[in-house]
Amino acid sequence: MNLTFPELQIDYRSSPQRIRVLTETWFKNEVYCPACGNYNLLKFPNNSKLADFYCGRCGEVFELKSKGKPIGKTILDGAYYAALERINSSTNPNLFVLHYNQNFVENLTLVPKHFFTPDTLVIRKALSSHARRAGYIGSVINYGGIPSAGKIAVIEAHREIFKDSVMKNYAHAVSLRVRNMDLRGWLMDVMKCIDNIPHEFFSLGELYRLKDELGVKHPSNHNVKAKIRQQLQFLRDKGFIEFLGRGKYRKILLG
Ligand SMILES: [Zn+2]
């Protein structure tokens, strides 16, 4: 994988347009489909509402978002209600997040589509009546709120990760796919709680202590503890944690 942006033959007046062409050209030339390994990802027409790229072999779709600085906690997204509708739809794309530094790709991270929930999207204030697009309501992606299992490194600190590892990590993450959005929200919240525990071993008690926080996010559920245990069983069945007995657990594939 070449980690330098290609030379462009055309001069672009605006810097965002130039960056978009550079990042998209680089992506198309260098990046493969994490689901099936196909190198020939295809581009949707510009401004497609669906996504930026798709795999002609397996049909997965991908969105590419780029930043000229470390990604941090949030990523700018599009119009809030359209973005929300897309998250709730079955055609929600997988997200590639690219951090570049001048002409070099520093980091490329893949977030599989089923790590997005309506909570991932944060609504912004409507633009004022003086703005060119008065009344427009934008959104940001709460990138910091996505569990570590949903952030698969493809390039890390200007170093390419082996394709086999990326595809294996992606397949593991896909095994956590939950279609029901309420259950998916529970799974993401419990994984994020586990991420926040700074050691490899943890207890059910530690997670229960976070239950008030979860209870607030899921006000309609009266049995938060049972919901937490349900998520832990699911994560154990998928090989992401190990049950050690007597309410003790070990992280295997979680941060
Ligand atoms: Zn594919």
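Trainee: Why does S66 count as buried?

Mentor: A residue is buried if 20 or more other C-beta atoms, placed from the backbone, lie within 10 Å of its own; it is exposed if 12 or fewer do so, and partly exposed in between. S66 has 21 C-beta neighbours inside 10 Å, so it counts as buried. Please note that this is a predicted model, in which local features need pLDDT of at least 70, side-chain atom pairs count only at pLDDT 80 or more, and totals for chains, interfaces and linings use all residues. Residues are numbered from 1 along each chain as its sequence is written.

Trainee: Where does S66 lie, and with which residues is S66 in contact, leaving aside its neighbours within four places in sequence?

Mentor: S66 belongs to strand β3. Strands (E, at least two residues) and helices (H or I, at least four) are DSSP runs, numbered from the N terminus. Contact requires that the C-beta atoms of two residues, placed from the backbone, lie within 7 Å. With neighbours within four places in sequence left aside, I19, T23, L98 and Y100 are in contact with S66. The C-alpha atoms of S66 and Y100 are separated by 7.3 Å, although these residues are 34 residues apart along the chain.

Trainee: What is the order of the open sheet of seven strands, and which are its edge strands?

Mentor: The order is β1-β2-β3-β5-β6-β9-β10, with mixed pairing. The edge strands are β1 (41-43) and β10 (159-160), since each pairs on one side only. Two strands pair if DSSP finds at least two bridges between them.

Trainee: How many bridges join strand β2 to strand β3?

Mentor: Two bridges join β2 (residues 53-55) to β3 (residues 61-67), and these strands run antiparallel. In β3, V61 is the bridge partner of Y54.

Trainee: Which strands does helix α1 lie across, and which does helix α3 lie across?

Mentor: Helix α1 (residues 15-30) lies across β1, β3, β5 (94-101) and β6 (104-111), at about 130 degrees to β3. Helix α3 (residues 163-174) lies across β6 and β9, at about 155 degrees to β9. The axes are lines fitted to C-alpha atoms, for helices over the stretch in contact, and the angles run from 0 to 180 degrees between N-to-C directions.

Trainee: Why are β11 and β12 said to stand at the edges?

Mentor: The sheet is open, with three strands in the order β11-β13-β12 and antiparallel pairing. β11 (201-203) and β12 (241-245) each have a single partner strand, so one side of each is left without a neighbour in the sheet. Neighbouring strands of this sheet are turned by 30 degrees against each other on average, direction ignored. β12 is joined to strand β13 (residues 248-251) by four bridges, and in β13 the partner of E242 is R250. Helix α7 (residues 224-237) packs on the sheet, touching β12 and β13, and its direction makes about 115 degrees with that of β12.

Trainee: How do the side chains along strand β8 point?

Mentor: They alternate along β8 (residues 139-142): S139 and I141 point to one face and are buried, whereas V140 and N142 point to the other and are not. Four bridges join β8 to strand β4 (residues 74-77), antiparallel, and V140 is the partner of L76. Three bridges join β8 to strand β7 (residues 121-123), also antiparallel, and S139 is the partner of I123.

Trainee: What makes A157 exposed, and why does H158 count as exposed?

Mentor: A157 has 8 other C-beta atoms within 10 Å and is therefore exposed. H158 has 12 C-beta neighbours inside 10 Å, so it counts as exposed. A157 is found in the loop between β9 and β10, as is H158. Neither is a glycine, yet phi is positive: about 50 degrees for A157 and about 60 degrees for H158.

Trainee: Which domains does the domain assignment give?

Mentor: It gives domain 1 (15-174) and domain 2 (181-251), the bounds coming from an automatic or database domain assignment. Their C-alpha centres lie 27 Å apart. The contact takes nine residues from domain 1 and eight residues from domain 2.

Trainee: Which element has the lowest mean pLDDT, and which the highest?

Mentor: The pLDDT is the predictor's confidence in each residue, from 0 to 100. Helix α6 (residues 211-217) has the lowest mean, 65, and strand β9 (residues 152-156) the highest, 98. The protein chain averages 91, and 95% of the residues score at least 70.
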